[in-house]
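Got the model open in your viewer? Keep the selection panel handy and follow along.

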Amino acid sequence: MRKALILLIPLLYLSCFQAERQCSDFKTGTFTFNYTIDGVKKTGTFVRTEHYNIDFFDNKVDSASIRWINDCEFIQKDLHPKNLNEQKDIHFKIISTDKDSYTFEYKLAVKDPYKKQRVEKGTATKIK
């Protein structure tokens, strides 16, 4: 019993460890990300300033305003929506950071009461 307790104590300390995120390093800059459309993997680029996000993907340019909630979370709103879905704000949350990349999750900022909330994940790499 005593040996089990000695092994359990270090596990409790390890389970409380949470990696430190350096989200402020990724608030602005130029980034790349990978995405898949119809089973085809592609790479896109985006430039983020303190207040705007400009996406370059599939020979298209899309722009959005961003409002930071804290160093690791922001709300993105499309500046020129083409349909009702693009009018919906998106909540982004940086969940982990590395030296030159971060992992994030995103979902609709306001949950549709008639649909299950979808949370997607991605990774962005800072190139500038």
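Start with the empty space: the largest pocket holds about 1,500 Å³. A pocket here is an open set of points on a 1 Å grid over the protein atoms alone, where a 1.4 Å probe fits, with protein on both sides within 12 Å along at least five of seven lines; lining residues have an atom within 4 Å of a point. The volume is the space filled by probe spheres set on the points, with points joined across faces, edges and corners.

Now select Asp 55, Gln 76, Ile 90, Phe 92 and Tyr 106: of the 42 lining residues, these are the closest to the pocket's centre. Colour the lining by class and you get 16 nonpolar, nine polar and 17 charged residues, where Ala, Val, Leu, Ile, Met, Phe, Trp, Tyr, Cys and Pro count as nonpolar, Asp, Glu, Lys and Arg as charged, and the others, Gly among them, as polar.

A word on ground rules. This is a predicted model, where local features need pLDDT of at least 70 and side-chain atom pairs count only at pLDDT 80 or more, while totals for chains, interfaces and linings use all residues. Residues are numbered from 1 along each chain as its sequence is written, and side-chain values use heavy atoms, with hydrogens and water left out.

Switch to cartoon: one helix and eight strands, running α-β-β-β-β-β-β-β-β from the N terminus. These are DSSP runs, numbered from the N terminus (helices H or I, at least four residues; strands E, at least two).

Next, zoom in on Phe 92 and Tyr 106. Their rings are stacked, 5.4 Å centre to centre with 25° between the planes. (Rings of Phe, Tyr and Trp, its six-membered ring, pair if their centres lie within 6.5 Å; planes under 30 degrees apart are stacked, over 60 edge-to-face, the rest tilted.) Phe 92 is in strand 6 and Tyr 106 in strand 7, so the pair ties together parts 14 residues apart in sequence. Phe 92 is buried at 15% relative accessible area, while Tyr 106 is partly exposed at 29% (buried is under 20%, exposed over 50%, partly exposed in between; 1.4 Å probe, protein chains only).

Widen the selection to the aromatic cluster those two belong to, which also includes Phe 31, Phe 46 and Trp 68. Look above two of its rings: the charged end of Lys 27 sits over Trp 68, 4.9 Å from the ring centre, and that of Arg 48 over Phe 31, at 5.1 Å. The rule is NZ of Lys or CZ of Arg within 6 Å of the ring centre and within 35 degrees of the ring normal.
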